[in-house]
Amino acid sequence: MSALVAIAQRLFYAIILILAVVVLNFFLVHLAPGDPADVIAGEMGGATEEVMADIRKSYGLDKPIYVQLGVYLGRVLQGDLGQSYFYNAPVADLILGRLGPTLLLVITALIFAIVVGTFLGVMASRNPTGIFSNVITVLSLIGYSAPVFWTGIMLIIVFASAIPLFPISNMYDITLEGGPIDHVIDVAHHLVLPAFTLGIIYLAQYSRLSRASMLEVLGSDYIRTARAKGLSEPVVVGKHALRNAILPVVTIAGLQFGGLISGAVLVETVFSWPGLGTLALDAILGRDYPTIIGILFFSSMIVIIANLLTDLAYRLVDPRIRAGGHK
Amino acid sequence: MAAVDDTTIQTLKVESPAREAWRMFLRNKSAIVGLVLLTIIIVVTFLGPLVYVIDPFDVAWAPFTPPGEEATVPWGTDYLGRDVLAGIINGGAATLAVGASAALITIVIGVTIGAFAGFYGGFVDEALMRVTEFFQVLPPLLFAMVLVSLFSPTLTTVAIAIGVVSWTQTARLTRAEFLKIKQLEYVTAARSIGAGNSRIIWKVILPNALPPLIVSATLIVGVAILFEAGLSFLGLSDPNIMSWGLMIGSSREYIIDSWWAVTFPGAAIFLTVLSVSLIGDGLNDALNPRLRER
Amino acid sequence: MTETVLEVENLQVEFKTRNGIARVLNDVGFSVQRGQTLGIVGESGCGKSMTALSIMGLVPTPPGRIAGGQIRYLGEDLLAASESRMRDLRGNEVSMIFQEPMTSLNPVFTVGEQIAESVRLHEGLNKRDARDRAVEMLKAVGIPAAERRVREYPHQLSGGMRQRVMIAMALACRPSILIADEPTTALDVTVQAQIFDLLKELQESTQTAIIMITHDMGAVAEMTERVLVMYAGRVVEDGLTTEILTNPKHPYTKGLISCVPHLEAEPKPERPPLTEIPGVVPSLTELGTGCPFAPRCNEVLPKCRSDMPVTEQTGPDHRAACWALDAKGAAA
């Protein structure tokens with residue numbers, strides 16, 4: 001099957017990309033001014049000679065650079081992203097502990113942006129001068145021009161005192177007692193503002209995109225065919241048009257995962273969300289390079305996986321490229 | 001009744017494309033608003049410090065003074081008692097300078113890579129596009145954070161870091177334009193009179209690829225300003241130079257107690273980026289009339 | 001006498017445009033009998049397709065509006081029918097196929113699904129039965145390996161195949177009327193002939209009335225029993241196809257026929273062979289009071305420029321609207 005070949009090719013390519021990220025990380029450590037061992041230890045000043053010697057030995061820093069690269073690659077491939085001397089824990093463990101909250105935030109924001117954005121776009125395409133088009137215009141102004149951390153802060157100011165509807169900080173209430181369902185609701189409750197803040201950027205983009213693509217699709221011949229069949233307007237729009245109009249949104253959403261993670265760093269900082277973003281910031285402020293480089297590696301991997309999944313999703317939605325090859 | 005024959009076109013006074021675009025631009029109300037807004041922001045940023053001579057790092061009054069309460073600090077003070085208005089006036093320079101130079105770096109890298117990929121095609125194209133895809137995989141803000149923290153946090157580092165992480169879209173756009181234009185007849189004509197590759201790239205194709213690139217450049221300036229603000233907010237910029245992002249970041253713990261100290265600088269960033277993107281929309285309408293419906 | 005399935009009377013359709021109101025259909029009237037094929041012929045912009053959309057109740061409103069007249073399907077006034085009644089009829093009693101088979105099928109659904117959708121909607125069949133009907137219809141329109149094709153997507157089919165699918169979809173609910181809007185214009189000549197044969201064959205077995213919209217007099221000659229010649233939103237000539245082809249009365253009809261050389265009954269040596277009618281269809285907002293064809297007409301009279309011609313009976317089953325007829329009548 002050519003479809004399987006195409007997917008295998010994408011997988012192979014993804015693996016190459018991951019390796020490339022590892023190589024980049026290696027060179028980042030070596031290009032930085034100063035002794036690589038200092039970088040790996042983190043410039044905390046607390047590293048003893050003993051620790052430094054240990055680092056030099058285990059990373060092979062006294063050997064030629066290509067050997068060092070080999071050693072580094074080997075370690076990463078075994079899942080060893082190094083040791084955080086700042087947190088005094090393996091970097092991989094630190095990251096895995098923070099991965100869940102970030103994925104929860106990012107995916108919720110993305111789904112919110114796609115669902116609401118597509119809805120707004122579809123409604124606006126039905127009436128170019130109606131209220132939904134105005135909503136999209138306002139959203140575009142905010143989404144494109146307001147710094148995301150500032151939008152979050154504005155929401156905090158509003159929701160802290162004026163409308164105390166949602167918690168403005170953290171991911172859960174540590175004092176909460178109750179069953180697992182109570183905890184899920186608690187997390188969901190805490191998720192509202194951060195996810196909305198992060199989602200609003202993409203909401204603006206997807207609503208504009210889906211409006212444009214919906215307008216194009218609604219003028220197409222197969223929509224006329226669908227109407228001539230006697231289908232009702234909701235079926236024409238919701239089934240025949242939407243399925244086609246959502247294709248560009250799916251493509252863009254997959255490509256924007258990197259930007260989404262970047263936005264998450266800022267949003268997590270504003271809302272004290274215990275994810276990779278806050279970990280990255282703390283690591284940077286603590287000069288904990290192994291952790292920050294580990295996060296860069298991990299988040300790049302998330303982007304690569306997201307791109308792969310988008311590719312698969314696109315194949316499912318659009319039969320024209322299911323057969324093989326991407327355009 | 002659009003039947004104008006060739007002779008009438010020739011007898012009409014020919015307007016240069018740039019003038020024509022400028023005229024179209026001036027017809028666009030929101031673009032004018034953007035232009036006026038940006039002019040005000042630039043004037044305040046560069047002349048303001050001469051008029052309102054207060055050091056934004058100095059303690060000017062009691063901490064947490066709300067705006068309008070004390071005439072000396074009309075926009076209030078932050079948690080350290082620093083004058084918010086002084087911060088706004090002085091903080092624009094860093095934001096604008098870093099935003100503009102980061103955008104310039106982004107464009108130079110992006111256009112160069114895109115131009116070579118599109119012009120030479122084949123292996124060069126393949127290799128450069130793989131590099132571009134690789135850079136697209138790295139979350140831009142995280143990558144910039146790593147770069148800034150590995151190499152000291154100065155304004156120059158910040159600008160370079162932003163440029164290094166955000167050129168990919170420009171490269172793709174430039175490549176697409178080059179692929180399209182290099183097949184046109186005037187390129188063949190230039191080649192036939194002996195123009196070399198670099199002349200064709202920079203003097204023949206690039207000028208013709210400019211309209212979409214100019215529009216995307218304005219968007220890049222907006223994104224770069226947001227980027228700079230984000231890094232400063234996180235504390236990853238020069239701590240000795242006031243900027244709007246830094247103001248918000250330093251007052252992060254006191255959002256509720258001094259909303260003005262975070263709201264005003266954020267509004268300044270918002271208005272700056274807004275003015276740039278309004279100008280971008282206007283340029284888009286003026287330079288790419290066919291895309292106007294989008 | 002066979003049963004009349006569709007009657008159109010005095011149909012008026014207006015469009016709001018930037019330059020004012022354009023009357024795209026003016027006083028259009030005709031009727032179609034069961035099992036018969038009516039051709040509607042004219043250049044693009046003459047109102048053929050708008051006539052079809054009016055019958056389907058798919059005139060885009062706004063900017064369009066049906067300003068007057070009647071459309072009766074088996075005696076029922078469609079212009080007074082509710083939207084939900086119209087949806088019941090569309091694709092069920094009155095079906096339509098379009099000019100562009102390449103783009104008229106939805107790219108993201110299988111052809112089987114698109115055919116079955118119609119049957120499930122109108123006949124309430126379950127998924128399985130609807131799918132069986134889709135296979136049956138694909139077989140009926142001559143698509144080989146129908147069981148396999150039913151699972152394929154439009155992009156996997158050729159243009160001719162797609163038009164067959166469109167026909168299968170349109171006929172799946174056994175409609176009384178099939179409107180075919182330039183069904184073969186986008187296809188190769190050989191495929192065109194196959195589609196015509198298929199339509200004729202299906203018509204014989206189902207007794208569906210066909211309204212065949214075309215700009216090609218050759219297609220009219222091959223497919224239709226009666227024909228309606230339209231120009232600038234008006235019917236300028238209508239009658240039996242054989243009668244009109246052999247004895248056209250309106251200069252526009254003559255022009256259309258001479259565009260297809262082998263159709264001319266008796267090519268006159270003194271007249272240079274016409275390959276096209278000079279000029280273009282006038283903009284509908286710029287029409288004066290006279291005959292809209294006058295600026296392009298080679299038999300134009302002074303009266304044509306000021307007064308709209310009146311439709312006259314020119315044979316037992318043949319009418320035309322042209323002042324030149326009177327002049328000739330008077331001269332004879």
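1. Helices and strands here are DSSP runs, helices of at least four residues and strands of at least two, numbered from the N terminus. The structure is a predicted model. With those terms in hand, C:Glu182 can be placed in the loop between β7 (177-181) and α8 (189-206) of chain C.

2. Backbone of C:Glu182. The phi of C:Glu182 is near 50 degrees, a positive value in a residue other than glycine. Most residues other than glycine have a negative phi. Is C:Glu182 buried or exposed? It has 20 other C-beta atoms within 10 Å, and a residue is buried if 20 or more lie within that distance. C:Glu182 is therefore buried.

3. Backbone of C:Asn10. Phi is also positive at C:Asn10, near 45 degrees, and this residue too is not glycine. C:Asn10 belongs to strand β1 (residues 4-17) of chain C. A residue with 12 or fewer other C-beta atoms within 10 Å counts as exposed. C:Asn10 has 12 of them, so C:Asn10 is exposed.

4. Chain C as a whole. Chain C contains 12 helices and 12 strands. Of the 332 residues in chain C, 48% are buried. Take the contacts in chain C between residues at least 6 apart in sequence: 64% of these join residues at least 24 apart.

5. Domains of chain C. The domain assignment splits chain C into domain 1 (4-93 + 175-328) and domain 2 (103-173). The C-alpha centres of domain 1 and domain 2 of chain C are 30 Å apart. Their contact involves 14 residues from domain 1 of chain C and 13 residues from domain 2 of chain C. On the domain 1 side, α8(C) gives the largest share, 6 residues. That side of domain 1 of chain C consists of 9 nonpolar and 5 polar residues, with no charged ones.

6. Domains of chain A. Chain A is divided into domain 1 (13-77) and domain 2 (91-324). The C-alpha centres of these domains of chain A lie 35 Å apart. How many residues does each domain of chain A bring to the contact? Domain 1 of chain A brings 13 residues and domain 2 of chain A brings 12 residues. On the domain 1 side, α1 (2-31) and α2 (36-41) of chain A each supply at least two residues. The largest share there, 8 residues, is from α1(A). By class, this side of domain 1 of chain A has 10 nonpolar, 2 polar and 1 charged residues.

7. A helix pair in chain A. Helix α5 (residues 91-126) and helix α6 (residues 131-145) of chain A have axes that come within 7 Å and cross at roughly 130 degrees. This angle makes α5(A) oblique to α6(A). The crossing of α5(A) past α6(A) is left-handed. From α5(A), residues A:Leu120, A:Met123 and A:Ala124 meet A:Phe132, A:Ser133, A:Val135 and A:Ile136 of α6(A). This contact has 6 nonpolar residues, 1 polar residue and no charged residues.

8. Which chains touch? Among the 2 pairs of chains that touch, chains A and B have the most contacts. Chain B and chain C do not touch, and their nearest C-alpha atoms are 11 Å apart.

9. Chain A with chain B. The contact takes 34 residues from chain B and 37 residues from chain A. On the chain B side, α5 (122-137), α6 (140-150), α10 (197-233) and α12 (259-287) of chain B each supply at least two residues. The side of chain B that touches chain A divides into 26 nonpolar, 7 polar and 1 charged residues.

10. Chain A with chain C. Here 19 residues of chain A are in contact with 23 residues of chain C. From chain A, α9 (221-228), α10 (233-255) and α14 (319-322) each supply at least two residues. Which element gives the largest share of the chain A side? It is α9(A), with 7 residues. By class, the chain A side has 6 nonpolar, 6 polar and 7 charged residues.

11. A residue in chain B. B:Leu210 sits in helix α10 of chain B. B:Leu210 has 14 C-beta neighbours inside 10 Å and so counts as partly exposed. B:Leu210 and B:Leu287 are 77 residues apart in sequence, and 9.3 Å apart in space from C-alpha to C-alpha.

Key: Residues numbered from 1 in each chain as written. Chains lettered and ligands numbered in written order. Predicted model: local features only at pLDDT ≥ 70, side-chain atom pairs only at ≥ 80, totals over all residues. Axes fitted to C-alpha atoms, helices over the stretch in contact; angles between N-to-C directions. Parallel < 35°, antiparallel > 145°, perpendicular 65-115°, else oblique. Left-handed = near helix turned anticlockwise from the far one by under 90°. Contact = placed C-beta atoms within 7 Å. Nonpolar A, V, L, I, M, F, W, Y, C, P; charged D, E, K, R; others polar. Domains from an automatic or database assignment.
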